[in-house]
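Hi everyone, thanks for coming. I'd like to walk you through a structure today, so please have the sequence and the 3D view open while I talk.

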Amino acid sequence: MGTALLYDEEMTKYKLLWVDPACKIEVPERLIVSYEALVRSGLSDRCISIPAREASDSEILLVHSELYLEAVKKTPYMTLEDLKEFTLQFGDVYFHPNIYHCAKLASGSALQLVDSVMTGKVRNGIALVRPPGHHSMHGAANGFCVFNNVAIAARYAKQKYGVKRVLIVDWDIHHGQGVQYCFEDDPSVLYFSWHRYEHQNFWPNLRESDYDSVGKESGAGFNINVPWNNVGMENSDYLSVFCHVLLPVAYEFCPDLVLVCAGFDSAIGDPEGEMCATPDIFAHLTHLLMNLAGGKLCAVLEGGYNLTSLAQSVCQTVQTLLGDPLPQLANLRGPCKSAIESLQCARSAHRRYWSFLKHAADPPMTDISTKHVKSAMEEEEKTEMAEEERCTEGKVWPEPPERLCPPVCSASVLPDDVACPDGLKRLSSSKDLEPLLVSKLKNRFRTAAVDGDGVTTFSRLYTLIEKLVVNEIRNGLVLVPDVAAAMMCVVQDLTSDLVKRVLVVCVGKEKELDYITTDGKVLVVQISSEDSEEQRSKYYIPVCLKKGCSDTSGFIQAVLGLLLPLGYEYNPDLVLLVRMPGSGVVDSMWQQLIGLLQGFAKGHTLVLMQVNEKACMGSTASALLGHPAPPLQDLQTPFPEDGDALERLRERLQADWKMLQTTS
Ligand SMILES: CC(O)(O)CCCCCNCCCN
Ligand SMILES: [Zn+2]
């Protein structure tokens with residue numbers, strides 16, 4: 001299934017008609033450069049174009065009052081003076097004779113997108129719209145927004161498709177207070193927003209944008225605010241909040257639909273955000289949401305005022321929606337102090353509502369909420385981040401790297417008598433192994449594992465790896481007689497200098513993992529039921545699940561809160577996923593793991609499985625081919641010991657691995 005793209009140039013046909021410094025950045029060019037970048041890059045041709053439509057009155061009334069709608073209806077007939085007058089009653093927004101029409105098209109586009117996804121016409125999609133929506137409220141326009149496009153879409157999805165749970169992720173750099181007000185008492189809509197806050201000193205300067213606004217009444221726990229109290233936040237800060245706050249809750253919430261308030265003013269160069277995250281971060285933020293709700297994801301444009309980073313960020317988002325390989329994110333050095341405080345506050349505020357956050361630490365000593373007056377230390381810290389360090393318009397950043405699709409997506413190396421799963425390309429060619437390597441293999445394993453066809457298997461395995469690292473093939477599945485032996489070979493014999501770092505993810509109990517480098521060429525994360533003895537090195541991290549890999553709750557927690565942050569920091573060139581026999585990992589969890597691991601090494605994942613586990617080749621192939629993983633249904637409360645052990649493991653490792661930090 002494809003990716004929908006909604007765009008109508010009519011929505012470029014309104015603009016600010018008078019002088020207002022607060023509104024001058026919201027220009028038609030925002031939409032034009034975004035769409036043109038998609039056209040120029042060839043991405044628009046790969047999308048399924050869906051026409052915009054006007055939202056009807058009844059659809060707009062899902063969120064807004066009749067009084068407000070009737071008032072807005074009058075604006076097309078207003079004189080310039082009337083428009084100015086009308087505008088004065090709202091904050092940081094402007095009206096124009098054509099904005100009502102455009103606002104209906106913006107909301108209608110979001111609804112068209114929901115229709116396309118919910119009817120299965122497409123898997124996911126993006127609506128390039130203006131005016132944006134997330135600040136507009138029941139009875140008021142605000143912050144360039146007239147109708148709340150995403151809030152209307154959420155209510156529409158529930159009403160028309162009986163969607164039970166909607167996740168709204170708002171990565172725009174402003175707090176979508178309009179969305180928060182709409183759903184704060186509604187447990188069927190989980191609203192997550194991060195936003196520049198600076199202890200309530202940043203627009204819209206609301207006390208209720210802080211982390212302690214967790215929702216009301218039955219909606220308590222279903223509103224998550226992560227305030228950024230400093231500018232200059234980077235990729236590490238964004239990924240940490242996804243891994244340690246949003247994703248655990250999102251997986252526990254298990255939404256039927258994901259809506260994204262896709263504002264790109266959180267990207268580097270934006271005059272509003274003054275952040276430093278690069279456009280390729282949106283490739284990963286999108287990817288990390290794509291295995292929720294069976295891949296049903298609707299992104300709706302909100303903000304974004306630097307025309308260069310906006311266009312790049314939109315392209316990064318669309319390319320991921322299309323399933324292209326992800327760019328590697330280099331040198332993630334962990335969240336900054338301020339970000340850690342914010343994520344620690346958000347986690348502790350929500351630990352009573354979400355079992356996946358149950359073991360989150362207490363809030364930091366320095367209470368960062370607005371009650372707290374800026375201390376001399378903070379002032380000094382701010383001057384530390386001198387003007388030039390801050391990311392402003394003048395800031396430059398590299399073009400996002402090209403994300404090339406390999407000619408072959410998924411290859412397989414299988415015994416001749418095993419049928420190749422649909423979609424996979426069997427690799428039968430293999431270069432002859434050097435005799436030296438053959439003898440090494442033979443005398444390393446006196447077992448039958450490396451008899452005649454065993455050598456063939458290994459030579460094909462090495463051939464596959466070579467094709468992965470040169471991006472001829474994206475990922476692969478290999479069936480071997482003995483996975484432990486095969487893993488040793490791959491890890492020890494990886495001579496290719498194209499592979500500087502290999503992330504080995506071991507699912508299931510180890511037989512012998514005696515081979516662990518300490519030079520950092522290999523990082524092994526082992527998830528099993530074995531009560532691992534003391535952790536052996538920075539590069540061998542055993543995660544113990546009391547009830548073993550069949551405990552999906554514990555497993556997904558370990559993946560989100562430990563494996564993902566580690567993987568991002570380690571930044572491997574190859575991922576080796578080893579399924580030990582008898583691991584007991586649940587199929588949907590296995591597919592989720594493969595899906596999430598695609599975020600590393602440009603998707604170069606090599607799955608090693610034992611021949612006698614060929615029954616799960618089909619689901620493995622499906623995940624390797626990029627099909628969304630099935631939702632993890634009815635997750636049990638994680639085993640307390642496991643949750644607690646995971647926190648302790650993170651605390652112990654965070655000295656070595658900065659991305660594991662969740663406490664200041
Ligand atoms: C969709 C959106 O969240 O990007 C709208 C942001 C509105 C900002 C209003 N204040 C602007 C002050 C200008 N320096
Ligand atoms: Zn914004």
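**The annotated domain and the overall build**

Let me start with the record: an unreviewed UniProt entry carries the annotation "domain: Histone deacetylase" for residues 26–320. Please keep in mind throughout that this is a predicted model.

Over residues 26–320, helix accounts for 40% of the chain and strand for 12%. The C-alpha atoms at the two ends of that stretch are 26 Å apart.

Now zoom out to the whole protein, which has 20 helices and 16 strands. Along the principal axes, its C-alpha atoms fill a box of roughly 90 × 55 × 45 Å. What radius of gyration goes with 664 residues? The protein has 25 Å, and because a compact globule of that length would have a value near 26 Å, the two agree. Buried residues make up 64% of the 664.

**Around the ligand**

Let's go to ligand 1, since I suspect that is where many of you have already clicked. There are 15 residues around ligand 1, and those that come nearest are Asp 92, His 134, His 135, Glu 272 and Tyr 305.

Which atoms of the ligand face Asp 92 and the two histidines? For Asp 92, a side-chain N or O atom is 2.7 Å from a nitrogen atom of ligand 1. For His 134, the partner is an oxygen atom of ligand 1, which is 2.7 Å from an N or O atom in the side chain. His 135 also has an oxygen atom of ligand 1 as its partner, with a polar side-chain atom 2.6 Å away. Taken on its own, ligand 1 has 430 Å² of accessible area, and the protein covers 85% of that.

As for the character of the shell around ligand 1, its residues divide into 5 nonpolar, 5 polar and 5 charged.

**Two cis prolines and two positive phi values**

Next, some backbone geometry. As a reminder, most residues other than glycine have a negative phi, and most peptide bonds are trans.

Where do we find cis peptide bonds here? One joins Arg 130 and Pro 131, with omega about 5°. Pro 131 sits in the loop that runs between strand E3 (124–127) and helix H7 (149–161). Another cis bond joins Trp 203 and Pro 204, again with omega about 5°. Pro 204 belongs to the loop between strand E5 (189–196) and strand E6 (223–228).

These two loops also hold residues with a positive phi. In the loop between E3 and H7 there is Phe 144, a non-glycine residue whose phi is near 65°. In the loop between E5 and E6 there is Glu 217, with phi near 45°, again positive and again not a glycine.

Are they buried or exposed? With a relative accessible area of 10%, Phe 144 is buried. Glu 217, at 66%, is exposed.

**Two enclosed helices**

Moving along the chain, take a look at H16, residues 483–493. Because 10 of its 11 residues are buried, helix H16 is largely enclosed by the rest of the structure. Among the buried ones are Val 483, Met 487, Cys 489 and Asp 493. At the start of H16, a side-chain oxygen of Asp 482 comes to within 3.0 Å of the backbone nitrogen of Ala 484.

Helix H18, residues 587–597, can be described in a similar way: 10 of its 11 residues are buried, so the rest of the structure largely encloses it. The buried residues of H18 include Ser 588, Trp 590, Gln 591, Gln 592 and Leu 597.

**Two single residues to finish**

First, Val 575, which you will find in strand E15 (residues 574–579). Its relative accessibility is 0%, so Val 575 counts as buried. Its C-alpha atom is separated by 22 Å from that of Pro 630, a residue 55 positions away along the chain.

Then there is Glu 59, in helix H3 (residues 57–60). Is this glutamate buried or exposed? Its relative accessible area is 13%, so Glu 59 is buried. What does its side chain contact? A polar contact of 2.9 Å joins it to the side chain of Arg 53.

That's my tour, and I'm happy to rotate the view to any of these places.

Methods. Residues numbered from 1 in each chain as written. Chains lettered and ligands numbered in written order. Predicted model: local features only at pLDDT ≥ 70, side-chain atom pairs only at ≥ 80, totals over all residues. Heavy atoms only, no water. Near = heavy atom within 4 Å. Polar contact = N/O pair within 3.5 Å; in protein donor to acceptor, adjacent residues only side chain to side chain. Areas by Shrake-Rupley, 256 points an atom, 1.4 Å probe, with all protein chains shown as cover. Nonpolar A, V, L, I, M, F, W, Y, C, P; charged D, E, K, R; others polar. UniProt positions renumbered as here; feature names shortened; annotations may be inferred. Helix = DSSP H or I, 4+ residues; strand = E, 2+ residues; numbered from the N terminus. Rg over C-alpha atoms; globule rule 2.2 N^0.38 Å. Buried < 20%, exposed > 50% of the residue type's maximum accessible area, 1.4 Å probe, protein only.
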